[in-house]
Amino acid sequence: MSPVTRILIGCDVRLYSEGIGQFLSGQPGLSVVGVAGRPEEVLQQLEQLGPDIVLLDQALPDSLETLRRARSLRPECRVIALGVPEQEEALLTWAEAGVAGLVP
């Protein structure tokens with residue numbers, strides 16, 4: 001049996017998070033273990049569910065602080081930011097906060 005990558009989605013737009021979740025759940029080797037619509041839910045599920053990856057919408061309130069706290073709670077978990085503007089300052093801010101990847 002091949003390993004499964006466990007994913008947590010942090011996004012407050014239900015249509016967006018459900019669409020991403022549905023798509024990813026249909027991919028071999030991926031499992032969406034949770035969806036959180038508020039920063040505190042992201043952090044709570046991060047601790048409870050132990051995902052390998054968090055997909056974090058940059059439009060989520062306090063998303064940068066959520067990223068920093070997530071990295072502190074579970075440094076081995078990779079956070080990928082969604083919807084980050086392709087501006088050098090924004091990209092650097094997210095990179096300095098510890099994001100593993102960016103999706104514009």
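This section describes the surroundings of one buried leucine, the packing of two helices and the salt bridges in a predicted model.

Leu 46 lies in helix H2, which spans residues 39-49. The residue is buried, its relative accessible area being 0%. Beyond its neighbours up to four places away in sequence, Leu 46 is in contact with Leu 8, Pro 51, Val 54, Ala 70, Leu 73, Arg 74 and Cys 77. One of these contacts, Leu 73, is 27 residues from Leu 46 along the chain, and the C-alpha atoms of the two residues are 8.2 Å apart. Leu 73 also belongs to helix H3 (residues 63-73).

Helix H3 packs against helix H4 (residues 88-97) with a distance of 9 Å between the axes and an angle of about 25 degrees. Because angles under 35 degrees count as roughly parallel, H3 and H4 are assigned to that class. On the H3 side, the contact is formed by Ser 63, Leu 64, Leu 67, Arg 68 and Arg 71, which meet Thr 93, Trp 94 and Ala 97 of H4. By residue class, this contact comprises four nonpolar, two polar and two charged residues.

Side chains of opposite charge can pair when their charged atoms come close. Across the whole structure, four salt bridges were found. Among them is the pair of Arg 14 and Glu 18, with an N to O distance of 2.6 Å. Both residues lie in helix H1 (residues 14-25), where a spacing of four residues places them about one helical turn apart. Arg 14 is exposed, at a relative accessible area of 63%, whereas Glu 18 is partly exposed, at 43%.

A further salt bridge joins the side chains of Arg 38 and Glu 40, again with an N to O distance of 2.6 Å. Arg 38 is partly exposed, with a relative accessibility of 43%, and Glu 40 likewise falls in the partly exposed class, with a relative accessible area of 46%. These two residues, together with Glu 41, are linked in a network of salt bridges.

The side chains of Arg 74 and Glu 76 also form a salt bridge, at 2.8 Å from N to O. Arg 74 has a relative accessible area of 15%; this residue is therefore classed as buried, a term applied under 20%. Arg 74 is in addition one of the residues that touch Leu 46, so that a partner in a salt bridge is also a contact of a leucine with a relative accessible area of 0%.

How values were computed
Residues are numbered from 1 along each chain as its sequence is written. This is a predicted model: local features need pLDDT of at least 70, side-chain atom pairs count only at pLDDT 80 or more; totals for chains, interfaces and linings use all residues. Side-chain values use heavy atoms; hydrogens and water are left out. Buried means under 20% relative accessible area, exposed over 50%, partly exposed in between (1.4 Å probe, protein chains only). Contact means heavy atoms within 4.5 Å. Axes are lines fitted to C-alpha atoms, for helices over the stretch in contact, and angles run from 0 to 180 degrees between N-to-C directions. Angles under 35 degrees count as roughly parallel, over 145 as roughly antiparallel, 65 to 115 as roughly perpendicular and the rest as oblique. Ala, Val, Leu, Ile, Met, Phe, Trp, Tyr, Cys and Pro count as nonpolar, Asp, Glu, Lys and Arg as charged, and the others, Gly among them, as polar.
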